[in-house]
Amino acid sequence: MCRSILFSSILISLFLFSSAQSCNNYAFASNKVFSSCNDLPYLNSFLHWTYEKSSGTVQIAYRHTGITSSRWVAWAINPESKGMVGSQALVAFQKSDGSMSVYASPVTSYQTQLQKGDLRFAVLDLTATYSNNEIVIFATLKLPSNTTTVNQVWQDGPLSNDSPRSHDVSGPNIQSMATVNLLSGQSGTSGAANSKIKKKNIHGVLNAISWGILMPVGILIARYVKVFEFADPAWFYLHATCQTSAYIIGVAGWATGLQLGKDSPGIQHTAHRTIGILIFSLSTLQVFALLLRPKKEHKYRLYWNIYHHAIGYTVLVLSIINIFKGFDILNRSDDKWEKAYIVITGALAVIAIILEVYTWIVVVRRKKSADAEKLPHGMNRTNGFNGYGARTQNGV
């Protein structure tokens, strides 16, 4: 049973973590068609383009999905390096009156407020649209001759009084840069960046399977399957198998997260990291507590049960909270994975409610049956012997 759950969980999680929106076959409302496209690895962004090498002209459409009207977006080419300073940016946002603001902005320092200005290359037909929480920037760029590979940077941030304000300086916002070959269409994300994305996905899959699915299933088995007398002691071994599998897979996911933190200096997700360490510590205590599990008749068994249940439910709650924090870190602008996990946890919650009701029905029936068996033979609980009431010594 637990193996089947584990296999199904892996398939579900792999499906969830591979379901990000693709740029292929995207239909623009303006009916524009581009010859190439890239799914950018951060901030739920996509770049479409058509490049004419002979003229050095590239028509681009930069899409940023899952964005609200209170935020700005930007896409840029940096002729000098792979960083932010020196970028030649195209900025767009929806103003408070509903109209779109789109303009060019050269980035000369880290303290930039994205002021309007001329770029190092000509920009033609610059427009932008906002619809269904998606901003699209259209433009035609006249690049230097023989340009094939460019450094690109993309970004988003908050607005204040129709003016861009500083973006976040952690997570995806400082990782959103790559190169792109305009001829081949090959994504220029560096090997290190690709490796980091792979580690993020592995980290997410392992933790979703372990703390997010296997552990709740193990708890359901311990609480409800043991109600069935024929399931004793099978329920215990199922419970132990699920929880041990969850712990082993979860430790692997935790270690991957620590490695991600080590590979990303300057990037801090303090709450997510702290909760993860706490989950690991409490779970490790649970594993060692199994070695000290008293027998059923032992006088300390009650206290051990209280400890075991309290720590178990604490780990469960912290795990669910941290998984949602992980979704937020992984891709703040795309909530598909988060919604899918809500469906999974919601289904487990519904199953738990149904089993809870059934368990109470079984327990109440057993208690009534046990109480009836304790009464003297032929006596019910209201009418004395044989239903005729108790007799006095005089036979009255």
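# Exercises on a predicted model

In this predicted model, the end C-alpha atoms of residues 304-324 lie 31 Å apart, and the span is 100% helix and 0% strand.

## Exercise 1. Place the span 304-324 among the annotated segments

Task: Determine which annotation covers residues 304-324, and set this span beside residues 234-255.

Solution. Begin with the record. The unreviewed UniProt entry gives the annotation "transmembrane region" to residues 204-222, 234-255, 275-292, 304-324 and 340-364. Next, take the secondary structure. Residues 304-324 are 100% helix and 0% strand, and residues 234-255 are likewise 100% helix and 0% strand. Finally, take the end-to-end separations. The end C-alpha atoms are 31 Å apart for residues 304-324 and 32 Å apart for residues 234-255.

## Exercise 2. Describe a nonpolar surface patch

Task: State which residues make the nonpolar surface patch of about 480 Å², and decide whether tyrosine 303 is buried or exposed.

Solution. The patch is made by Tyr300, Leu302, Tyr303 and Ile306. Of these, tyrosine 303 lies in helix 5, which runs over residues 301-330. The cut-off for an exposed residue is a relative accessible area over 50%. Tyrosine 303 has 54% relative accessibility and therefore counts as exposed.

## Exercise 3. Survey the whole protein

Task: Summarise the secondary structure, burial, contacts and exposed surface of the protein.

Solution. The protein has six helices and twelve strands. It comprises 396 residues, of which 42% count as buried. Among contacts with a separation of 6 or more, 62% join residues 24 or more positions apart. The exposed surface amounts to about 22,100 Å², and carbon and sulfur atoms supply 60% of it.

## Exercise 4. Locate the nonpolar cores

Task: Identify the elements that supply the largest nonpolar core, and name members of another core.

Solution. The largest nonpolar core has 29 residues, and Ile60, Tyr62, Trp75, Leu90 and Leu141 touch the most other members. At least two residues each come from strand 2 (45-52), strand 3 (57-65), strand 4 (71-78), strand 5 (88-94), strand 8 (134-142), strand 9 (149-158) and strand 10 (177-181). Strand 8 gives the largest share, four residues. Apart from this core lies another, of 16 residues, including Val205, Trp211, Ile311 and Val315.

## Exercise 5. Examine leucine 141

Task: Establish where leucine 141 is found, whether leucine 141 is buried or exposed, and which residues leucine 141 touches.

Solution. Leucine 141 is found in strand 8. The cut-off for a buried residue is a relative accessible area under 20%. Leucine 141 has 1% relative accessibility, so it counts as buried. Leaving aside residues up to four places away in sequence, leucine 141 touches Gly56, Thr57, Val58, Trp75, Ile77, Leu90, Phe121, Ala122 and Val123. The C-alpha atoms of leucine 141 and isoleucine 60 are separated by 7.8 Å, although these residues are 81 residues apart along the chain.

## Exercise 6. Compare two positive phi angles

Task: For aspartate 125 and asparagine 161, give the phi angle, the place in the chain and the exposure.

Solution. Most residues other than glycine have a negative phi. Aspartate 125 is not a glycine, yet has a positive phi of about 50 degrees. Asparagine 161, also not a glycine, has a positive phi of about 55 degrees. Aspartate 125 is placed in strand 7 (residues 122-131), whereas asparagine 161 is in the loop between strand 9 and strand 10. With a relative accessible area of 58%, aspartate 125 is exposed. Asparagine 161 counts as exposed at 73% relative accessibility.

Terms used: Residues numbered from 1 in each chain as written. Predicted model: local features only at pLDDT ≥ 70, side-chain atom pairs only at ≥ 80, totals over all residues. Heavy atoms only, no water. Core = buried A, V, L, I, M, F, W, Y, C linked by side-chain atoms within 4.5 Å. Buried < 20%, exposed > 50% of the residue type's maximum accessible area, 1.4 Å probe, protein only. Patch = residues over 30% accessible without salt bridge, like charges linked within 9 Å, V, L, I, M, F, W, Y side chains within 5 Å. Areas by Shrake-Rupley, 256 points an atom, 1.4 Å probe, with all protein chains shown as cover. Salt bridge = Lys/Arg side-chain N within 4 Å of Asp/Glu carboxyl O. UniProt positions renumbered as here; feature names shortened; annotations may be inferred. Contact = heavy atoms within 4.5 Å.
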